[in-house]
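Visitor: Could you walk me through this structure? I have not seen it before.
Guide: Certainly. Please take a look at it first.

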Amino acid sequence: MAISRRHFLKGLAASSAAALIGQSLLVRTAEAAVTAEGSWKMAGSHWGAFKALVKGGVVSEVKAFELDKHPTDMLNGIKGLIYNPSRIRYPMARLDWLKNRENSDRTQRGDNRFVRLTWDEALDLFHEELERTQTQYGPWALYAGATGWRQTGQFHSCGSHMQRGVNLHGNFVSKVGDYSTGAGQVIMPYVLGSTEVYDQGTSWPLILEHTKTLVLWANDPFKNLQVGWNCETHQSYGYLEQLKAKIADGSIKVVSVDPVQTKTQAYLGCEQLYINPQSDVAFMLAIAHTLYKEELYDKSFLGTYTLGFEPFIDYVLGKTEDKVERTPEWAAAICGIEADRIREFARQLASDRTQLMFGWAIQRQQHGEQPYWAGAVIAAMLGQIGLPGGGISYAHHYSSIGVPATGASAPGGFPRNLDPGKKPLHDNNDFKGASRIIPVARWIDCLLEPGGKIQYNGGDVTFPDVKMCIFSGCNPWHHHQDHNRMKQAFRKLETVVTIDYSWNATCRFSDLVLPACTQFERNDIDIYGSYAKRGLLAMHKLVDPLFHSRSDFDIFTGLCRRFGRHEEYTQGKDERQWLAQLYNECKAANDGSYPMPEFDEFWEQGYVDFGEGSTWVRHADFREDPEVNAVGTPSGFIEISSRKIGNYGYEDCKSHPIWMEKTERSHGGPGSDQYPLWLQSVHPDQRLHSQMCESDEYRATYAVQGREPVYLSPADAEARGISDGDLVRVFNGRGQLLAGARVSDRFPSGVIRIHEGAWYGPTDAGIGALDTYGDPNTLTLDVGTSRLAQAPSANTCLVEIEKFTGTVPAVTSFGGPDMVEI
Ligand SMILES: Nc1nc2c(c(=O)[nH]1)N[C@H]1C(S)=C(S)[C@@H](COP(=O)(O)OP(=O)(O)OC[C@H]3O[C@@H](n4cnc5c(=O)[nH]c(N)nc54)[C@H](O)[C@@H]3O)O[C@H]1N2
Ligand SMILES: Nc1nc2c(c(=O)[nH]1)N[C@H]1C(S)=C(S)[C@@H](COP(=O)(O)OP(=O)(O)OC[C@H]3O[C@@H](n4cnc5c(=O)[nH]c(N)nc54)[C@H](O)[C@@H]3O)O[C@H]1N2
Ligand SMILES: [Mo]
């Protein structure tokens, strides 16, 4: 009965499927008892806390938590995230892999033909493959490092479950860094002594009080603060509201330095300073030139708090080997901002209290280390680092940074590592001379070039010969650049195991797929407001796990049982016991400062409020006493030049910030004669990366002819005979995709946008296949930012676009695998 029902349901729209499913398959004991009116339950998510009405075992309504005064529109996608035809229903194995395992035809990977398995079969296979990889090869052959935007909840955080479970069996290759701030988190410790990107920033109330000019540099907080790493409070929006009022009454000037008119710019009604993409460093050098020539810089700050200004300014003034003076005229030709406007902007920055606020997309491009470093140099020349409302920040668009934070302790999570004294079953630590840890964005290079060597942050990395990969809570077939290159790399792999709740492209390119449940199908606790630490949330299980899905905790308990270590994995505790323990530890840590009720009472209430936090100024302590409170750089001072980086001898990251041309740059830069349009693949307004793309009805609110929108300027559209709503083909030498044209005057000529996270849906498994939905990573460039950080360079990408005229292929991204019988 279940089987025919499944065929019947496949392809139905989410809502109708939910209605049908609700009455039959999904009603389970716990929910069956609930009355027809249903009950409201507290839940949490990256999109904020919310209450869900659960009726007859089905989530029927979602409304924002009362404390959230600025809920995101994305709450409207939640129901569709639970109920949609792309949910993974059963454990599945790729057809030819199931038949031939390590000898399978790997060119078939991606053809989406899969065979349904029972959980016992699937976990046996998973265990056999781990065993084979560890014994036939060794820990160097297993990559289990990739982790991504798992769902919220401290206990069920799935990357921890995967790594602890796998580690109980054996060692594996892991990663360093992330896709978000790969370049920033490596360069900034050399410059300001800390990653900056993940540090608390000056509080918004102080910025609103003291700042006269606020520069949003490659920064769209109004779009990006909709989500948070933990359950988001959206308190930042209250401050953006006040900022808008202050712009209107003339007390603060806000300038958005960005090639496009951002959502924030439109909301605030602030000024946009248009800049050619990827050219910010040229602009910054010319600002430094003006500040210096017009004596608008703070000599005393440079003398007291910084090192290495001279070599930098010599370079700016053309006193170095190349004899090029980085004047505003020189920069204007690169960045597209007139020389006089550059001078005027520099004077404005120096005229009064100025706060620079950088976003992260600007370091997700070739030489992404440079704009962050050059930005810090400008802030140092302005001499306001450490003053309220002055200086520089690299994170006010992220996870409630800048909201006055409480000092409360957050609950811990399920341990990612083995317990003290415990060793893996196969405790082989011989990586055969290869590196145990690789820079995360270089893992495709690693698959393609086993034994290859790269430089990274002052050291050498040797790529291991990976044969098996495990992915959980991440979607590399959205997040990594250049999918056609990835296809080649994946052909080197014997086994790919993915644990997820929705059948995304990573499942399609895997051999064994295990269905996890969503966070709405398990109980958890989370801090409310990542950096704000506003309170503690009970995330109530709304419905039982759908279909055959299980929590990651249950999945890895089952795996560990196969080699007799499940008791160690769980520490003999179930979900409820773990939650109570994590809660009680948190309660003890907060004792005296932030009172918390007993666990059962908390669970019943659903929420503990820690109240308003207090304000804080970033780097104020360093400003007050640079010797006692030295920053974490090698010298303890802000390093405008870095001897340490200089000693590495890297061509692409020298001892102070410099302008370097990109391999691809629009507006007259390299490659623009063949592919004239710069593709920015920034973060989506209506998704969290690829999460929620599968939410059918919600996707329909932004899709164009069922495809991901590509935004382009009226001029570029007209030149190509493209109208708003047309189906278009976007392409370059790396790949091609179909998308739906959205013509918008918020985009300048030469700049197009496709949001990252659009689900990859190739017509077939072949290299070069057309992507039917519009994942920008079909087109992006897969190179490291530099030898220093080896971070992703997704925003270095040129393309061309044309109206699509051929036979229109159906979208293949959604709806799960093609189930076949063996
Ligand atoms: N709604 C939503 N919010 C999110 C996320 C999401 O998926 N959805 N993801 C979260 C995560 S994981 C992260 S890492 C952050 C990402 O945060 P960011 O990386 O800061 O965000 P993006 O949206 O990619 O880009 C921000 C702005 O940079 C501009 N920009 C791009 N290139 C250049 C350039 O060369 N010069 C200049 N001056 N500007 C440029 C873009 O036009 C855009 O307006 O967002 C977080 N917030
Ligand atoms: N071109 C381009 N590419 C980019 C970026 C860009 O700006 N441009 N941005 C980069 C950035 S900053 C980031 S952070 C990455 C994001 O890359 P990812 O973190 O890989 O992106 P997500 O779409 O959040 O993928 C999370 C996956 O985990 C699954 N998942 C969620 N919760 C659970 C769980 O509890 N259990 C299990 N088993 N699975 C779960 C979801 O269904 C989803 O498939 O993308 C990067 N890629
Ligand atoms: Mo990110």
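**Ligand 1 and helix α21**

Guide: Please note that this is a predicted model. A polar side-chain atom of D280 lies 2.8 Å from a nitrogen atom of ligand 1.

Visitor: What lies 3.1 Å from an oxygen atom of ligand 1?
Guide: That is a polar side-chain atom of Q365. In addition, H689 places a backbone N or O atom 3.0 Å from an oxygen atom of the ligand.

Visitor: And how much of ligand 1's accessible area does the protein cover?
Guide: Of the 920 Å² that ligand 1 has on its own, the protein covers 100%. The ligand sits in the largest cavity.

Visitor: Which residues come nearest to ligand 1?
Guide: There are 34 residues around it, and those that come nearest are K223, N224, D258, D280 and W360. D280 is thus named here and also in the contact with a nitrogen atom of the ligand.

Visitor: Which elements each supply at least two residues of the shell?
Guide: Helix α10 (221-224) and strand β24 (677-680) each do so.

Visitor: A change of topic: is helix α21 mostly covered or uncovered?
Guide: Helix α21, residues 483-490, is mostly covered, with six of its eight residues buried.

Visitor: Which ones are buried?
Guide: The buried residues of α21 are H483, N484, M486, K487, A489 and F490.

Visitor: What do they pack against?
Guide: Their partners include the helices α19 (443-448) and α20 (476-479). The buried residues of α21 also pack against the strands β17 (468-472), β18 (495-500) and β27 (735-743).

Key. Residues are numbered from 1 along each chain as its sequence is written. Chains are lettered from A and ligands numbered from 1 in the order in which they are written. This is a predicted model: local features need pLDDT of at least 70, side-chain atom pairs count only at pLDDT 80 or more; totals for chains, interfaces and linings use all residues. Side-chain values use heavy atoms; hydrogens and water are left out. Buried means under 20% relative accessible area, exposed over 50%, partly exposed in between (1.4 Å probe, protein chains only). Helices (H or I, at least four residues) and strands (E, at least two) are DSSP runs, numbered from the N terminus. Contact means heavy atoms within 4.5 Å. A residue is near a molecule or strand if one of its heavy atoms lies within 4 Å of it. A polar contact is a pair of N or O atoms within 3.5 Å; within protein, one must be able to donate a hydrogen and the other to accept it, and residues adjacent in sequence count only if both atoms are side-chain atoms. Accessible areas come from the Shrake-Rupley method with a 1.4 Å probe; for residues, only the protein chains shown count as cover. On a 1 Å grid over the protein atoms alone, a cavity is a set of points where a 1.4 Å probe fits but cannot get out, and a pocket is an open set with protein on both sides within 12 Å along at least five of seven lines; lining residues have an atom within 4 Å of a point. A molecule sits in a cavity or pocket if more than half of its atoms lie within 2 Å of its grid points.
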